[in-house]
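Please look at the sequence and the model shown below before reading on. The report that follows deals with a DNA strand and the protein around it, and then with one helix.

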Protein chains: 2
Amino acid sequence: MDARKKRILGILIDDYIASAEPVGSRTLAKKYDLGISSATIRNEMADLEELGYLEQPHTSAGRVPSDRGYRYYVDELMPKRYITNDAVSRVRMAFQAPMREIAWFIHQTARMVSEMTGYPSMVVAPPVLEARLAEIRVLRLQPGTLLFLVSTDAGVVENRVVSVPEELSVDGLGALAQEFSREFHGIPIHELKDRILDPLAHDAERYRGLWGTLGGWMAEWNLYEDRVTLAGPLSILQYPEFRDIDKVQRVLGFLEREDAVEELLKAAASSTESVQVMIGQESSVEAIWDCSVVTATYQVRSHVVGQVSVIGPKRMHYAQVVATLELVSEELSRALKWA
Amino acid sequence: MDARKKRILGILIDDYIASAEPVGSRTLAKKYDLGISSATIRNEMADLEELGYLEQPHTSAGRVPSDRGYRYYVDELMPKRYITNDAVSRVRMAFQAPMREIAWFIHQTARMVSEMTGYPSMVVAPPVLEARLAEIRVLRLQPGTLLFLVSTDAGVVENRVVSVPEELSVDGLGALAQEFSREFHGIPIHELKDRILDPLAHDAERYRGLWGTLGGWMAEWNLYEDRVTLAGPLSILQYPEFRDIDKVQRVLGFLEREDAVEELLKAAASSTESVQVMIGQESSVEAIWDCSVVTATYQVRSHVVGQVSVIGPKRMHYAQVVATLELVSEELSRALKWA
DNA sequence: AATTAGCACTCTGATATCTCGAGTGCTAAT
DNA sequence: ATTAGCACTCGAGATATCAGAGTGCTAATT
């Protein structure tokens, strides 16, 4: 793999990313000043195909990068730090808004990333269920209506309005909540349900029913919570590779399935790299085998708590996407550091 | 418009709704036992076309209902109360879950309706901004973190976690919130911002900054809130009229725009009818001129507070959709009556 | 030895042409 | 008023044709 091959491969992929048309030797020679003839390029391209970096849609078409070609491009060839000053200041600006819930930042991030890159964006929120209980409070809003407040070590506060029979006495409830908080401080949320429901764990028999409901609610917590936020799914429709309804249906159908997306992104982000690229069949999900997914992680107190991600055709503008995600995930971590 | 014409029109539309193929006289005569020959049907169909109820895609194709034809079908011909016992019990079941926030019901409703009908469903949530303030509370969660609780006459409770400078004294904040609640009780939320920001409205100079931020937050409230919940948008992809990407893009693009959808549904639901059908060009939104929209309203304390809606091809299964929405909106109203 | 010009060959996509069949409208018979 | 019969229309799909872009190979050139 000499320098010239690299050069040709790089230019070819750039061109294909921009044009979506198979690239031929003639076009390449004419359009870019390579100082060699189309015949030479032809030979090099034949070599690159043999090496597995390019493929031909059919005999007499130009070449198209293979998954392996994209991989090489992403790892070795593409320009780094491909980002404008405008983008940087925009992201900084967006995260400067103070006094916001985490959910707000998550939505904001997804929307912004999708808009900046032109691809759908998915953001995985910090997992509530793995957070540890800090405090639980009960407030009486009106007769028959209670508000439960749960704060965790991740600083996340979740709350639910709960209606209960009006005749339920809530006098000692505050005290009970306090006691409860003390007892279960530091327990992961997902363990709470069982603890709460375990009749031996506390002796306040007359509150059993209420705590039971609370436990049930917590059990469903992660079902109801938006763990994955999806923004701009329709942007894929603008790309010629998605003129085919069935393909669109496959991909968007996958994106709609929060659990599946969450699983994919979490797996992707186990890597040590701050930004990871998954190309075509590298993904475990068949539905997106002709897409690429770029994923970055973000942290709270130097623990990875979530992912920011972009999905698009394999013919994706990797340089810009990677740079954008690097920036955004960094700024998001910074914005969440108070949490 | 004699009985036979009605019969033919009804059957033709039923057939077209089921098959998506233009219906010819021959097919009609063969498939259904009308007791008359295809020639007679042909004549009747020609009349129906002249009357504006049918149209021909091209000279030698079968007939297809016009907007007017669908309208007549919906108003006069279609079977009423087209619903199964299964559906009824399913809906009842779904709304039996107690102890839920309004937002939960809204999501639940949208999902369920989309699944039951096979079309995308949109649900407009009760407008927070028009609700009147009942009470505002401030809680200190941790140093530097406050929780604002706002309850309204609609029983809706909204809350936001707000981080403030740690050094801010929150001692008198509870009292201030109480005083505030007393003073502004019954004021619509959307007026609160100005009131709060008006320096004459209260004299607690040292809290000005905090209330100011609170006001700013309230101003953005409705921007951040999900006022419209969309479920199952991709279900339209299964219908042959949406094989065309551009059409899909138009329609889904519209559905993504919460404000536009909200406006449309609110306008639609000004009607006195409990369920309203908007067919094709009857809609003010050009992007959905080849769709139909069915909308029902739901109430809290016999005030209309929101809409439940379904969108699909004009060739929609109106009978089932109307019946489903009737049922769902009724049950949703019932479920929300405690609010 | 590497590069390039030249050329025959291949394949696709666009365009044109043809055919078939479903459906119509009209007329004349019932 | 209904229906059988028939000529006519139009589109969808199949088939044929053609131009163009691209390739691989060979022989000439540097």
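Which atom of B:Ala61 lies 3.3 Å from a sugar or linking oxygen of DNA strand C? A backbone N or O atom of B:Ala61 does, and such a pair is a polar contact, defined between N or O atoms within 3.5 Å. This is a predicted model, in which local features need pLDDT of at least 70 and side-chain atom pairs count only at pLDDT 80 or more, while totals for chains, interfaces and linings use all residues. Residues are numbered from 1 along each chain, chains are lettered from A and ligands numbered from 1 in the order written, and side-chain values use heavy atoms, without hydrogens and water.

Two further contacts to DNA strand C involve side chains.

| Residue | Atom of DNA strand C | Distance |
|---|---|---|
| A:Arg42, polar side-chain atom | base oxygen | 3.3 Å |
| B:Thr27, side-chain N or O atom | phosphate oxygen | 3.2 Å |

Counting a residue as near when one of its heavy atoms lies within 4 Å, 22 residues surround DNA strand C, and among those that come nearest are A:Arg4 and B:Ser25. Sugar and phosphate account for 75% of the strand's atoms that come within 4 Å of the protein. Helix H3 (38–50) of chain A gives the largest share of this surface, four residues, where a helix is a DSSP run (H or I) of at least four residues, numbered from the N terminus.

Helix H6 (residues 102–117) of chain B has 16 residues, which at 1.5 Å a residue should span 22 Å, and its end C-alpha atoms are 22 Å apart, which agrees; the expected span is 1.5 Å times one less than the number of residues. Its buried residues (under 20% relative accessible area, 1.4 Å probe, protein chains only) include B:Trp104 and B:Phe105. B:Gly118, with a positive phi near 85 degrees, follows H6(B).

Key. Polar contact = N/O pair within 3.5 Å; in protein donor to acceptor, adjacent residues only side chain to side chain. Helix = DSSP H or I, 4+ residues; strand = E, 2+ residues; numbered from the N terminus. Buried < 20%, exposed > 50% of the residue type's maximum accessible area, 1.4 Å probe, protein only.
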